[in-house]
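Work through these exercises with the sequence and the 3D view open. Try each task before reading its solution.

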Amino acid sequence: MRTVDPYKMEARRQQILGAALTCFAQYGFHGTRTAQICAAAGMSPGNLFHYFPSKAAIIAAIAEEDCKAMTRLFSERDGAEDALGAIEDIALAMMQASSDPLQARISIEVAAEATRNPQMGALFAANEARVKADLAALLQRGMAAGQIDPQLDPDMAAVWLLALTEGAIARVVMDADFQARAHQPLLRLIIRRFLRPQQPEPG
(Lines give C-alpha, C1' and ligand atoms only; values in the text may rest on other atoms or scores of the structure.)
Protein backbone atom coordinates (compact mmCIF):
# COMPACT_ATOMS: atom_id res chain seq x y z
CA MET A 1 0.00 0.00 0.00
CA ARG A 2 1.43 3.37 -1.08
CA THR A 3 2.07 5.84 1.73
CA VAL A 4 0.52 9.28 1.26
CA ASP A 5 2.96 12.14 1.75
CA PRO A 6 0.98 14.84 3.63
CA TYR A 7 3.49 17.56 2.72
CA LYS A 8 3.25 16.74 -0.97
CA MET A 9 -0.54 16.64 -0.76
CA GLU A 10 -0.65 20.04 0.92
CA ALA A 11 1.74 21.46 -1.67
CA ARG A 12 -0.53 20.23 -4.47
CA ARG A 13 -3.56 21.63 -2.67
CA GLN A 14 -1.91 25.04 -2.36
CA GLN A 15 -0.90 24.82 -6.03
CA ILE A 16 -4.55 24.38 -7.00
CA LEU A 17 -5.70 27.22 -4.75
CA GLY A 18 -3.05 29.54 -6.19
CA ALA A 19 -4.10 28.66 -9.74
CA ALA A 20 -7.77 29.14 -8.86
CA LEU A 21 -7.08 32.56 -7.31
CA THR A 22 -5.35 33.68 -10.49
CA CYS A 23 -8.25 32.46 -12.64
CA PHE A 24 -10.93 33.92 -10.37
CA ALA A 25 -9.19 37.30 -10.37
CA GLN A 26 -9.02 37.28 -14.17
CA TYR A 27 -12.37 35.74 -15.13
CA GLY A 28 -14.51 35.99 -11.99
CA PHE A 29 -16.01 33.08 -10.08
CA HIS A 30 -18.77 32.41 -12.61
CA GLY A 31 -16.59 33.03 -15.66
CA THR A 32 -13.90 30.59 -14.56
CA ARG A 33 -14.15 27.04 -15.90
CA THR A 34 -12.63 24.06 -14.15
CA ALA A 35 -10.55 23.41 -17.27
CA GLN A 36 -8.91 26.82 -16.86
CA ILE A 37 -7.97 26.04 -13.25
CA CYS A 38 -6.55 22.68 -14.35
CA ALA A 39 -4.47 24.36 -17.06
CA ALA A 40 -3.18 26.99 -14.64
CA ALA A 41 -2.33 24.31 -12.05
CA GLY A 42 -0.77 22.01 -14.66
CA MET A 43 -2.86 18.97 -13.82
CA SER A 44 -5.68 16.84 -15.19
CA PRO A 45 -9.34 17.26 -14.09
CA GLY A 46 -9.19 13.87 -12.39
CA ASN A 47 -6.20 14.94 -10.34
CA LEU A 48 -7.84 18.25 -9.39
CA PHE A 49 -11.10 16.58 -8.35
CA HIS A 50 -9.10 14.28 -6.10
CA TYR A 51 -8.37 17.36 -3.96
CA PHE A 52 -11.52 19.41 -4.57
CA PRO A 53 -14.75 17.76 -5.79
CA SER A 54 -16.15 21.02 -7.19
CA LYS A 55 -15.44 24.67 -7.92
CA ALA A 56 -17.56 25.57 -4.89
CA ALA A 57 -15.24 23.47 -2.71
CA ILE A 58 -12.27 25.48 -4.00
CA ILE A 59 -14.03 28.75 -3.16
CA ALA A 60 -14.84 27.46 0.33
CA ALA A 61 -11.19 26.45 0.81
CA ILE A 62 -10.04 29.94 -0.19
CA ALA A 63 -12.38 31.45 2.40
CA GLU A 64 -11.03 29.00 5.00
CA GLU A 65 -7.43 29.94 4.18
CA ASP A 66 -8.31 33.62 4.60
CA CYS A 67 -9.85 32.84 7.99
CA LYS A 68 -6.70 30.96 9.08
CA ALA A 69 -4.50 33.88 8.01
CA MET A 70 -6.55 36.32 10.08
CA THR A 71 -6.50 33.97 13.08
CA ARG A 72 -2.70 33.82 12.88
CA LEU A 73 -2.51 37.62 12.58
CA PHE A 74 -4.41 38.06 15.86
CA SER A 75 -2.86 35.13 17.72
CA GLU A 76 0.67 36.46 17.05
CA ARG A 77 -0.30 39.55 19.10
CA ASP A 78 -2.44 37.77 21.66
CA GLY A 79 -0.19 38.58 24.61
CA ALA A 80 0.94 42.05 23.52
CA GLU A 81 0.97 44.54 26.39
CA ASP A 82 0.50 47.47 23.99
CA ALA A 83 -3.01 46.86 22.63
CA LEU A 84 -2.96 50.06 20.58
CA GLY A 85 0.33 49.07 18.96
CA ALA A 86 -1.07 45.60 18.24
CA ILE A 87 -4.14 47.10 16.54
CA GLU A 88 -1.90 49.33 14.43
CA ASP A 89 0.23 46.35 13.38
CA ILE A 90 -2.86 44.30 12.47
CA ALA A 91 -4.39 47.17 10.48
CA LEU A 92 -1.14 47.76 8.60
CA ALA A 93 -0.79 44.06 7.80
CA MET A 94 -4.40 43.92 6.58
CA MET A 95 -3.92 46.99 4.38
CA GLN A 96 -0.70 45.59 2.95
CA ALA A 97 -2.32 42.22 2.17
CA SER A 98 -5.42 43.82 0.65
CA SER A 99 -3.32 46.12 -1.51
CA ASP A 100 -1.83 43.25 -3.51
CA PRO A 101 -3.46 43.55 -6.98
CA LEU A 102 -4.42 39.87 -7.11
CA GLN A 103 -5.78 39.93 -3.56
CA ALA A 104 -7.68 43.15 -4.26
CA ARG A 105 -9.47 41.67 -7.28
CA ILE A 106 -10.28 38.48 -5.37
CA SER A 107 -11.63 40.47 -2.40
CA ILE A 108 -13.99 42.38 -4.68
CA GLU A 109 -15.07 39.11 -6.34
CA VAL A 110 -15.73 37.55 -2.93
CA ALA A 111 -17.78 40.53 -1.75
CA ALA A 112 -19.83 40.54 -4.94
CA GLU A 113 -20.38 36.78 -4.86
CA ALA A 114 -21.40 36.94 -1.19
CA THR A 115 -24.40 39.09 -2.18
CA ARG A 116 -25.57 36.49 -4.72
CA ASN A 117 -24.59 33.14 -3.23
CA PRO A 118 -26.08 32.26 0.20
CA GLN A 119 -23.34 29.72 0.97
CA MET A 120 -20.61 32.20 0.06
CA GLY A 121 -22.46 34.92 1.97
CA ALA A 122 -22.49 32.75 5.09
CA LEU A 123 -18.72 32.10 4.84
CA PHE A 124 -18.03 35.79 4.26
CA ALA A 125 -20.25 36.83 7.18
CA ALA A 126 -18.66 34.29 9.53
CA ASN A 127 -15.15 35.50 8.70
CA GLU A 128 -16.18 39.15 9.09
CA ALA A 129 -17.88 38.47 12.42
CA ARG A 130 -14.80 36.68 13.77
CA VAL A 131 -12.43 39.51 12.79
CA LYS A 132 -14.76 42.17 14.22
CA ALA A 133 -15.06 40.24 17.50
CA ASP A 134 -11.28 39.81 17.76
CA LEU A 135 -10.74 43.51 17.08
CA ALA A 136 -13.42 44.53 19.59
CA ALA A 137 -11.80 42.30 22.25
CA LEU A 138 -8.43 43.92 21.58
CA LEU A 139 -10.01 47.37 21.83
CA GLN A 140 -11.61 46.46 25.16
CA ARG A 141 -8.25 45.23 26.44
CA GLY A 142 -6.68 48.54 25.45
CA MET A 143 -9.46 50.47 27.16
CA ALA A 144 -8.93 48.52 30.39
CA ALA A 145 -5.22 49.34 30.24
CA GLY A 146 -5.88 53.05 29.67
CA GLN A 147 -4.35 52.94 26.17
CA ILE A 148 -7.58 53.44 24.20
CA ASP A 149 -10.41 55.95 24.63
CA PRO A 150 -13.00 54.25 26.91
CA GLN A 151 -15.77 56.41 25.46
CA LEU A 152 -15.57 54.56 22.16
CA ASP A 153 -17.99 51.73 21.39
CA PRO A 154 -15.60 48.81 20.73
CA ASP A 155 -17.92 47.09 18.25
CA MET A 156 -18.47 50.24 16.19
CA ALA A 157 -14.79 51.18 16.40
CA ALA A 158 -13.89 47.71 15.09
CA VAL A 159 -16.19 48.22 12.09
CA TRP A 160 -14.55 51.53 11.22
CA LEU A 161 -11.05 50.15 11.62
CA LEU A 162 -11.95 47.44 9.11
CA ALA A 163 -13.51 49.99 6.76
CA LEU A 164 -10.37 52.09 6.97
CA THR A 165 -7.91 49.29 6.26
CA GLU A 166 -10.01 47.52 3.63
CA GLY A 167 -10.38 50.79 1.74
CA ALA A 168 -6.96 49.96 0.32
CA ILE A 169 -8.70 47.38 -1.88
CA ALA A 170 -10.66 50.05 -3.76
CA ARG A 171 -7.56 52.24 -3.99
CA VAL A 172 -5.58 49.45 -5.67
CA VAL A 173 -8.35 48.80 -8.19
CA MET A 174 -9.11 52.46 -8.94
CA ASP A 175 -5.69 54.10 -8.53
CA ALA A 176 -2.75 52.48 -10.32
CA ASP A 177 -0.30 54.72 -8.45
CA PHE A 178 -1.46 53.69 -4.97
CA GLN A 179 1.35 52.13 -2.93
CA ALA A 180 0.18 50.83 0.45
CA ARG A 181 3.65 50.86 1.99
CA ALA A 182 4.00 54.61 1.37
CA HIS A 183 0.73 55.23 3.26
CA GLN A 184 1.61 53.16 6.34
CA PRO A 185 2.89 56.08 8.49
CA LEU A 186 -0.29 58.07 7.80
CA LEU A 187 -2.55 55.10 8.56
CA ARG A 188 -0.72 54.59 11.86
CA LEU A 189 -1.22 58.29 12.70
CA ILE A 190 -4.94 58.17 11.82
CA ILE A 191 -5.46 55.10 14.03
CA ARG A 192 -3.63 56.68 16.97
CA ARG A 193 -5.65 59.88 16.74
CA PHE A 194 -8.84 57.85 16.49
CA LEU A 195 -8.18 55.51 19.42
CA ARG A 196 -6.07 57.35 21.96
CA PRO A 197 -7.82 58.62 25.09
CA GLN A 198 -9.04 62.19 24.73
CA GLN A 199 -7.09 64.80 26.66
CA PRO A 200 -9.27 67.03 28.88
CA GLU A 201 -9.73 70.53 27.54
CA PRO A 202 -7.84 73.21 29.53
CA GLY A 203 -9.82 75.37 31.92
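## Exercise 1: Place A112

A112 is partly exposed, with a relative accessible area of 28%. The model is predicted.

Task: Find the element that holds A112, and give the distance between its C-alpha atom and that of F29.

Solution.
- Step 1. A112 belongs to helix α6, which covers residues 101–114.
- Step 2. Check the class. Partly exposed lies between the cut-offs of 20% and 50%. A112 has 28%, so the label partly exposed applies.
- Step 3. Turn to F29. A112 and F29 are 83 residues apart along the chain, and their C-alpha atoms are separated by 9.8 Å.

## Exercise 2: Describe the whole protein

Task: State how many helices and strands the protein has, then give the box its C-alpha atoms fill.

Solution.
- Step 1. Count the elements. The protein has nine helices and zero strands.
- Step 2. Read them from the N terminus: α-α-α-α-α-α-α-α-α.
- Step 3. Take the principal axes. Along them, the C-alpha atoms fill a box of roughly 75 × 45 × 30 Å.
- Step 4. Look at burial. Of the 203 residues, 37% are buried.
- Step 5. Look at the surface. The accessible surface is about 11,900 Å², and carbon and sulfur atoms hold 57% of it.
- Step 6. Look at contacts with a separation of 6 or more. Residues 24 or more positions apart account for 71% of them.

## Exercise 3: Follow the chain from α7 to α8

Task: Decide whether G146 is buried or exposed, and work out how α7 and α8 cross.

Solution.
- Step 1. Locate G146. It sits in the loop between α7 (118–144) and α8 (154–174).
- Step 2. Classify it. Exposed means over 50%. G146 reaches 51% relative accessibility, so it counts as exposed.
- Step 3. Compare positions with F49. G146 and F49 are 97 residues apart along the chain, and 53 Å separates their C-alpha atoms.
- Step 4. Move to the two helices. The axes of α7 and α8 come within 8 Å and cross at roughly 120°.
- Step 5. Give the hand. The crossing of α7 past α8 is right-handed.
- Step 6. Name the partners. Residues of α7 that meet α8 include V131, L135, A136 and L139. On the α8 side, they include A158, V159, L161 and L162.

## Exercise 4: Salt bridges within a helix

Task: For the pairs E10–R13 and K68–E64, give the N to O distance and classify each residue.

Solution.
- Step 1. Recall the principle. Side chains of opposite charge can pair when their charged atoms come close.
- Step 2. Get the total. The structure holds seven salt bridges.
- Step 3. Take E10 and R13. Their closest N and O atoms are 3.8 Å apart. Both residues lie in helix α1 (residues 6–27), three residues apart, or about one turn of the helix.
- Step 4. Classify this pair. E10 is partly exposed at 34%. R13 has 17%, which is under 20%, so R13 is buried.
- Step 5. Take K68 and E64. Here the closest N and O atoms are 3.7 Å apart. Both residues belong to helix α4 (residues 55–75), with a spacing of four residues, about one turn of the helix.
- Step 6. Classify this pair too. K68 is partly exposed at 37%, and E64 is partly exposed at 41%.

## Exercise 5: A salt bridge between helices

Task: Find which helices R188 and D89 lie in, and which residues form the salt-bridge network around them.

Solution.
- Step 1. Get the distance. The side chains of R188 and D89 form a salt bridge at 3.6 Å, N to O.
- Step 2. Place the partners. R188 lies in helix α9 and D89 in helix α5 (residues 83–98), so the bridge ties together parts 99 residues apart in sequence.
- Step 3. Classify them. R188 is partly exposed at 31%, and D89 is partly exposed at 32%.
- Step 4. Extend the network. Salt bridges with shared partners join E88, D89, R188 and R192.

## Exercise 6: A nonpolar patch

Task: Name the residues of the nonpolar surface patch, and find which helix gives the largest share.

Solution.
- Step 1. List the members. They are L164, L186, L189 and I190.
- Step 2. Add the area. Together these residues have about 310 Å² of accessible area.
- Step 3. Find the main source. Helix α9 (residues 180–195) gives the largest share, three residues.
- Step 4. Check one member. L189 lies in helix α9, and is partly exposed at 37%.

Terms used
Residues numbered from 1 in each chain as written. Predicted model: local features only at pLDDT ≥ 70, side-chain atom pairs only at ≥ 80, totals over all residues. Heavy atoms only, no water. Buried < 20%, exposed > 50% of the residue type's maximum accessible area, 1.4 Å probe, protein only. Patch = residues over 30% accessible without salt bridge, like charges linked within 9 Å, V, L, I, M, F, W, Y side chains within 5 Å. Areas by Shrake-Rupley, 256 points an atom, 1.4 Å probe, with all protein chains shown as cover. Salt bridge = Lys/Arg side-chain N within 4 Å of Asp/Glu carboxyl O. Axes fitted to C-alpha atoms, helices over the stretch in contact; angles between N-to-C directions. Left-handed = near helix turned anticlockwise from the far one by under 90°. Contact = heavy atoms within 4.5 Å.
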